[in-house]
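Here is a short report on the pockets and one surface patch of a protein model. Look at the structure first, then read on.

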Amino acid sequence: MTRTLFALNPGLDRPAIAAALRAHGRVQVRQFLHPDAAESIHEVLSRGTDWGLAGAATGKSGAHIRGPELRAMTPDARARFGLEAGQSASKGDFGFLYAQYPMVEAYVQGWNPGHPLDLLLEHLNAEPMLGFARDVSGIAEIIKADAQATLYAPGHFLTVHDDTVVEEGRRLAYVLSLARDWRPDWGGHLNFIDDDGDTIEGFIPRFNALNLFTVPMRHNVGAVPPFAPVGRFSITGWFRDK
């Protein structure tokens, strides 16, 4: 029997979610999707995604290496790519390194027509999901969602930033977490950071949990240590008003 790719949990308590988001600017919604949908997306991410690599370092815009290009790189070239991102983070500058499949770019450029992640992007931009985002955020201007699939493996990280890109109309950030049986020692938490640099709240990667937070808000993704398994899968992006 074919599983459903995307369906919201019909039991979501929207007023409670909206109240938490209004009070704190962030909320984690557990069991967000129907269980079959969560399993379907996890299957796609763990077995059916041609992962590339995303990285950014001081003085450079973010770069994405597609899966075929990544496989063709020498080990030294891969190491240099990661080293530059790490050196940026060591200086306190913005940097990141993680496996990525850029869903919007892949969809628009027709990388894999009919791929489940293309269909998932369409679901994220259909009324059930956009209506949910508008309902719980109170942001009536939300008109679309962008998305990327991400995989944080050992050595991957995302340093502190607040998601502000005015020209993109980012209003509400989301992380649909699909990490199964993740342990606190494995890092990869979505951490919210105050002006003094303290972590005021952190969400562990969970299976079938949607993290929402308003933009701007300072946050990072904690580094994944060398002993962690590969498995911090998620779909991330922003609900936008333009």
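A pocket here is an open set of grid points, on a 1 Å grid, with protein on both sides within 12 Å along at least five of seven lines; a lining residue has an atom within 4 Å of a point. The model is predicted.

By that rule, the second largest pocket is lined by W51, G52, L53, L70, R78, A79, G82, L97, A99 and H156. Three elements each supply at least two of these residues: β2 (52-56), α4 (75-90) and β4 (96-101). Helix α4 gives the largest share, three residues.

The largest pocket is lined by 48 residues. Nearest its centre lie Y98, Q100, Q148, R170 and W238. Which strand gives the most to this lining? Strand β13, residues 232-240, does, with six residues.

The table sets out both pockets.

| Pocket | Volume | Nonpolar lining residues | Polar lining residues | Charged lining residues |
|---|---|---|---|---|
| Largest pocket | about 960 Å³ | 25 residues | 13 residues | 10 residues |
| Second largest pocket | about 170 Å³ | six residues | three residues | one residue |

Now the surface. V104, Y107 and V108 form a nonpolar patch there. Together they have about 260 Å² of accessible area. Y107 is found in helix α5, residues 103-109. Is Y107 buried, partly exposed or exposed? Y107 counts as partly exposed because its relative accessibility is 35%. The partly exposed class runs between the buried cut-off, under 20%, and the exposed cut-off, over 50%.

Conventions: Residues are numbered from 1 along each chain as its sequence is written. This is a predicted model: local features need pLDDT of at least 70, side-chain atom pairs count only at pLDDT 80 or more; totals for chains, interfaces and linings use all residues. Side-chain values use heavy atoms; hydrogens and water are left out. Patches are made of residues with over 30% relative accessible area and no salt bridge: like charges are joined within 9 Å, nonpolar side chains (Val, Leu, Ile, Met, Phe, Trp, Tyr) within 5 Å. Accessible areas come from the Shrake-Rupley method with a 1.4 Å probe; for residues, only the protein chains shown count as cover. A salt bridge is a side-chain nitrogen of Lys or Arg within 4 Å of a carboxyl oxygen of Asp or Glu. Helices (H or I, at least four residues) and strands (E, at least two) are DSSP runs, numbered from the N terminus. Buried means under 20% relative accessible area, exposed over 50%, partly exposed in between (1.4 Å probe, protein chains only). On a 1 Å grid over the protein atoms alone, a cavity is a set of points where a 1.4 Å probe fits but cannot get out, and a pocket is an open set with protein on both sides within 12 Å along at least five of seven lines; lining residues have an atom within 4 Å of a point. Grid points are joined across faces, edges and corners, and a volume is the space filled by probe spheres set on the points. Ala, Val, Leu, Ile, Met, Phe, Trp, Tyr, Cys and Pro count as nonpolar, Asp, Glu, Lys and Arg as charged, and the others, Gly among them, as polar.
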